[in-house]
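Subject: Structure for your attention

Dear colleague,

Please find below the structure that I am handing over to you. My findings on two of its helices follow it.

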Amino acid sequence: MNYKMTAYVLGKMLGVEALVLCIPAAVSLIYGETSDMAAFGITSAVLCVFFLLFGRKKPENGRIYGKDGLVIVAAAWILWSVFGALPFYLSREIPSYVDALFETVSGFTTTGSTILTDIEALSYGMNFWRCLTHWIGGMGVLVFVMVVTSLDDKSSMHLMRAEVPGPEADKLVPKARETAKLLYAMYLALTVAEIIFLLAGGMNLYDSIIHSFSTAGTGGFANHNSSVAYYDSAYIDGVITVFMILFGINFNFYFLLLMRKPKKAMKNKEVRCYLAIIAITISIITFNIRGLYPSIMEAFQQAAFQVGSIITTTGFATTDFNTWPQVSRTILVMLMFVGACAGSTGGGIKVSRFVILLKTVNKELHLFLHPKGVRKISMDGKVVEHEVVRSINVFMTAYVLVFAFSILLVGFDNHDLITNFTAVAATLNNIGPGLELVGPSQNFGLFSDPAKCVLIFDMLAGRLELFPLLLLFVKDTWKRF
């Protein structure tokens, strides 16, 4: 492992966070929140010290190996969260550091689970920082750092592969940094478009920005206790629903559209399956809950919003779906595991993995019937390599083990099984709300600090797709070259 280069990248990354904290500090200045400005300033100063110590001089051996990329990504997310929690704690807006860390990790991982009982009590600056973490975390902390720094190296692709969600992370253009810039350009364009549409619906500028940040990162933080339901607007619900679904699509799809290759874009099987799942589940839930609302159109509106919110792992709420019939609740829980597309800002296991797993099952069934037959698994006209199938099988095994062990550990708090099961599902899949005691009208403040630490691990593991975080516990990871 290249320790010097690892320390250099992490030091530079902390320097970037110091600059980013100036944005919510400026918001606090606008609203006259002096104590919050001090909290942001102190944290930024501490981060600058780490940058000066580790992030100024690039070592002679600037190579980032595959293992280093995984470690850097895991450490970067942990460090950004550890320091990102300090403003909440120093300002006493969140008096417990574990709670502040939970909220910050939930922000950066775009989970949207919260320990706050009164979100509206947060200051403007802190609420802005809370939602900004969604926007940065949506595309990835290291991808963001690569955009604003000079990390332009062939080895930088190891950072993107470790951080961009999905079974494969392909470059859109030859250089990793150029790919990062292109991703953020599309990301920013969609975010600005949503801000404009929300402003057109009567939402003020501050609310439009933070809700767009949360939608873009598919995170779900809002500045009102009743989330998006506060606005009671079919137009706002519709805009956020559409943009949640758009941000859940693989960004390669948008790249192909930009390259004027719409036919190739529409052949993307994962995107077609993703949209089909959304259409089918909305139809079923609308029919199932039609008696709970005055009209079929309102039932459709609520079904579309919640399906979009859950499958993209955003976590916004316009109604308490915990009171819906069992069929609808069961579908929403299933969508928690499916998640959005690979290469999007959404969490979950990913549609592409499920498509490949189903194709693998189909292949095995045919081999039972025709033992000597040869059958290949393909996606979008390309053969899926055995290594990809193997990695998906290993991922699913690790996922089940982490999920089961987390439920066991959280169970020591002695809450009911549905609460524990959906709390782990919501955090490991980066969803936000669960059911029962962690439903959309509740929060995660009921858990003890040890249980919150388990859920913090789950949020990080889910966002980084397990292996970068798990690798930190492997002894061979820390061997020098």
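Which residues of α20 are buried? In this predicted model, they are Thr 419, Asn 420, Thr 422, Ala 423, Val 424, Ala 425, Ala 426, Thr 427 and Leu 428. Helix α20 is thus mostly covered, with nine of its twelve residues buried. The elements that cover these buried residues include α17, α19 (386-410) and α21 (449-463).

Helix α20 comprises residues 417-428, and at 1.5 Å a residue it should span 16 Å; the C-alpha atoms at its ends are 16 Å apart, which agrees. At its start, a side-chain oxygen of Asp 416 comes to within 3.2 Å of the backbone nitrogen of Ile 418. Asn 430, which follows α20, has a positive phi, near 55°.

The second helix is α15, residues 269-289. For its 21 residues, 1.5 Å a residue gives an expected span of 30 Å, and its end C-alpha atoms are 30 Å apart, which agrees. Its buried residues are Glu 270, Val 271, Tyr 274, Ile 278, Thr 281, Ile 282, Ile 285, Thr 286 and Ile 289. Viewed down the axis of α15, these buried residues fall within an arc of 135°, so they line one face of the helix. An α-helix has 3.6 residues a turn, so residues three or four places apart point the same way.

On the other side of α15, Ile 280 and Phe 287 are exposed. The buried residues of α15 pack against several elements, among them α12 (234-247), α16 (296-311) and α18 (351-369). At the start of α15, a side-chain oxygen of Asn 268 lies within 3.0 Å of the backbone nitrogen of Glu 270.

Yours sincerely,
A colleague

Terms used. Residues numbered from 1 in each chain as written. Predicted model: local features only at pLDDT ≥ 70, side-chain atom pairs only at ≥ 80, totals over all residues. Heavy atoms only, no water. Helix = DSSP H or I, 4+ residues; strand = E, 2+ residues; numbered from the N terminus. Expected span 1.5 Å × (residues − 1). Buried < 20%, exposed > 50% of the residue type's maximum accessible area, 1.4 Å probe, protein only. Arc of directions from axis to C-beta. Contact = heavy atoms within 4.5 Å. Polar contact = N/O pair within 3.5 Å; in protein donor to acceptor, adjacent residues only side chain to side chain.
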